[in-house]
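Trainee: Could you show me how to read a helix and then the whole chain around it? I would like to learn it step by step.

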Amino acid sequence: MFKKLLIANRGEIACRIARTARRMHLDVATVHSSADACALHLREIGESVLIGDGPARTSYLDIEAVIAAALKVGAQAVHPGFGFLSENPAFARRCAEEGLLFIGPTPETLALFGNKAQAKALAEKLGIPTAGGLREPSDDPQTLLAALKHLPTPYILKAVAGGGGKGMRVVRSKTHLRDAIEAAIREGRSSFGDGRLIAERYLDAPRHIEVQILGDGQGEVTHLFDRECTLQRRHQKVIEEAPVTSLPDEIRRQLWQHAITLGQATRYLGLGTVEFAVTSNEVVFLEVNPRLQVEHPVTEAVTGLDLVEHQISTVVEHRLSVRAPGQTQGVAIQARLYAEDPRTNFTPSTGLLQAFAPPAALARVDAGVDSGSEITPYYDPMIAKFIAHGADRHKAIDRLQAALRQTTALGVTHNQDFLIDLLSQPDVRENRVSTEFIDQWLSTIEYPQPEARVLAAIAVSCLTHMRDTGERPPSVWSAWSDFTAWRTRSAAADDALPCAAPAGPIWILRADAKTSWKIAFTSSPDDGLCVWIDGTPHTVQLSQNQIATGLVSVDGITFASQCLREGSDIHARVEDRNYHFELIPVTQGSGAAAAAHHGAVRAPMMGQIIAIHVQPGQAVQAGDKLAILESMKMEITLFAPVAGIVKSVDCQIQSKVERNHTLFNIEA
């Protein structure tokens with residue numbers, strides 16, 4: 001066994017690999033970019049080499065920088081984790097040239113399975129069914145348009161070197177085929193340095209099932225059971241579980257054998273995952289991911305195995321360190337907590353994660369960040385993985401939901417409420433789902449507006465946060481100056497003493513371009529506080545004890561309320577639900593500021609403008625395309641929030657923009 005391991009990755013997977021390596025009595029070091037100068041993985045591992053700037057192509061994807069870092073710290077082996085260089089055959093070859101052990105398959109295996117067209121051809125040769133379609137990859141739009149002219153829809157475009165849902169587009173109509181091709185090519189180039197695409201038949205409403213394999217590099221391969229990864233958005237997994245609980249044993253054994261056959265044919269070394277689409281009457285090979293998977297903890301939970309330990313041991317010794325146990329124990333389910341907004345097609349969110357506090361029990365939490373961590377536009381916006389284990393599927397879901405409900409994450413928009421609601425759906429609990437379930441479910445959701453009392457609780461919590469951080473509102477009114485004197489009011493006092501009409505400043509609490517409320521504060525006759533929501537007063541009962549415990553009483557109802565403010569952004573959690581607003585000061589009696597904000601289009605995150613579709617003076621309708629922003633290797637289309645005239649365009653193609661930077665102003 002070697003003595004020192006370099007972990008060529010970041011975030012939760014770097015921390016997770018380090019914990020196992022140290023338990024195996026290995027020394028560990030890692031790498032970091034300038035954007036990760038204070039990152040959790042750097043602090044937890046303790047030894048790291050700066051390898052470049054924030055963008056992955058100048059740091060974590062820089063082969064020579066990573067190799068130099070391994071040699072600098074005296075490592076004898078490199079673990080690539082997942083993503084970045086984990087499937088790069090050139091990186092594996094460079095490790096071998098420098099005498100470094102690459103913890104993964106051989107460069108030849110990586111090259112084979114890194115090319116979806118070649119992997120599909122091998123599967124067909126071995127008698128494993130595939131989805132057919134266009135096999136020869138290309139990154140020329142005209143060539144692809146001609147080749148796809150007679151391919152029946154629906155089909156899916158895939159980046160030939162892709163993974164993780166990047167560079168994929170489902171084509172159901174050829175009306176927008178060119179747009180889909182060009183977007184997939186751009187995404188493939190940005191994410192993998194390869195814009196070539198293939199196309200294959202798209203199965204409607206399939207399940208996504210995968211098999212974990214472990215190979216000794218000499219032709220002996222075992223499976224480590226199966227996983228269900230059907231619940232997805234944008235072709236990226238959201239919920240994963242092991243084992244698959246609604247699969248006929250005959251199909252299960254067939255999938256195991258297909259996976260082992262592929263592994264044996266390639267003399268597979270180490271861990272890998274073979275993925276399939278399964279319908280009621282068809283099993284189709286999708287791809288092989290020749291690396292450790294994001295969802296590996298659910299397999300660990302039901303087998304009792306440390307997959308990283310067995311991955312390292314098998315690669316070192318070239319013999320299987322373990323075989324499939326006779327059976328799995330219970331059911332494990334994993335949810336990915338992402339900094340993204342489900343209400344806007346899962347647009348990633350960047351910014352400072354000011355508070356992150358998962359529960360100490362109920363679930364395993366693999367986190368790559370902590371309180372004070374920055375969510376940047378350069379990398380995947382995962383905050384943490386929550387893994388719950390139970391005697392059966394329902395118990396595992398219940399534990400996972402409880403863990404999510406007891407988690408506080410403030411400072412960025414995230415999918416916590418979405419995950420909790422998703423796990424409550426009857427079809428999810430009974431596993432009556434397909435890869436299209438989330439899209440179909442979201443199309444039926446009508447998000448209710450928060451109650452006025454909740455808005456009042458958030459407004460008051462925001463005031464307490466401003467006081468505690470030494471901030472003061474734009475003007476001072478009596479309620480603020482008497483803030484420390486607020487005292488609990490009785491119901492009789494509420495009935496007898498009406499709130500004074502607001503004479504001080506009015507703020508706009510803005511949820512989105514179409515939804516906002518006017519907020520004002522006044523003193524009440526007994527030195528209490530009234531919060532006015534769109535002209536209606538709400539009495540606040542607040543004591544110093546409540547402030548200390550995060551409680552606010554509004555109109556006789558007590559709320560658990562937390563609020564954090566960064567600039568005009570308000571992130572709040574009230575009654576176990578999360579809210580994100582913009583707080584805009586508006587001069588009393590003037591609607592000019594509110595109107596200006598109504599037509600302002602801001603960058604939802606840091607990123608780079610790659611296309612602009614309008615110019616000053618142009619008339620637009622609500623919903624018209626304004627620009628395309630690239631961030632986190634994704635393309636986000638920005639739309640006009642209102643109909644009107646483009647008053648200004650405050651960005652340029654290829655320009656970098658900061659979160660909340662105003663890009664367009666539209667005059668209604």
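Trainee: Is helix α1 mostly covered or mostly exposed?

Mentor: Keep in mind that this is a predicted model. A residue counts as buried when under 20% of its relative area is accessible. By that cut-off, ten of the 13 residues in α1 are buried, and the helix is mostly covered.

Trainee: Which residues in α1 are buried?

Mentor: Start with the unbroken run G11, E12, I13, A14, C15, R16, I17 and A18, then add T20 and A21. As a general idea, an α-helix has 3.6 residues a turn, so residues three or four places apart point the same way.

Trainee: How far does α1 reach from its first C-alpha to its last?

Mentor: The helix covers residues 11-23 and reaches 19 Å, close to the 18 Å expected at 1.5 Å a residue. Look just past its end too: H25 takes a positive phi of about 65°.

Trainee: Now the whole chain, please. How many helices and strands does the chain have?

Mentor: There are 20 helices and 41 strands. The radius of gyration is 27 Å, close to the 26 Å from the globule rule for 668 residues, so the chain is as compact as a globular protein of that length. Along its principal axes, the C-alpha trace spans about 85 × 55 × 50 Å.

Trainee: What share of the residues in the chain is buried?

Mentor: Buried residues make up 58% of the 668. As for the area that the chain exposes, about 26400 Å², carbon and sulfur atoms supply 50% of it.

Trainee: And how many side chains are positive and how many negative?

Mentor: The chain has 65 positive and 76 negative ones, with the centres of the two sets 3 Å apart.

Terms used: Residues are numbered from 1 along each chain as its sequence is written. This is a predicted model: local features need pLDDT of at least 70, side-chain atom pairs count only at pLDDT 80 or more; totals for chains, interfaces and linings use all residues. Side-chain values use heavy atoms; hydrogens and water are left out. Helices (H or I, at least four residues) and strands (E, at least two) are DSSP runs, numbered from the N terminus. The expected span of a helix is 1.5 Å times one less than its number of residues. Buried means under 20% relative accessible area, exposed over 50%, partly exposed in between (1.4 Å probe, protein chains only). The radius of gyration is taken over C-alpha atoms; the globule rule is 2.2 Å times the number of residues to the power 0.38. Accessible areas come from the Shrake-Rupley method with a 1.4 Å probe; for residues, only the protein chains shown count as cover. Lys and Arg count as positive and Asp and Glu as negative; His and the chain ends are not counted. The place of a charge is taken as NZ of Lys, CZ of Arg, CG of Asp or CD of Glu.
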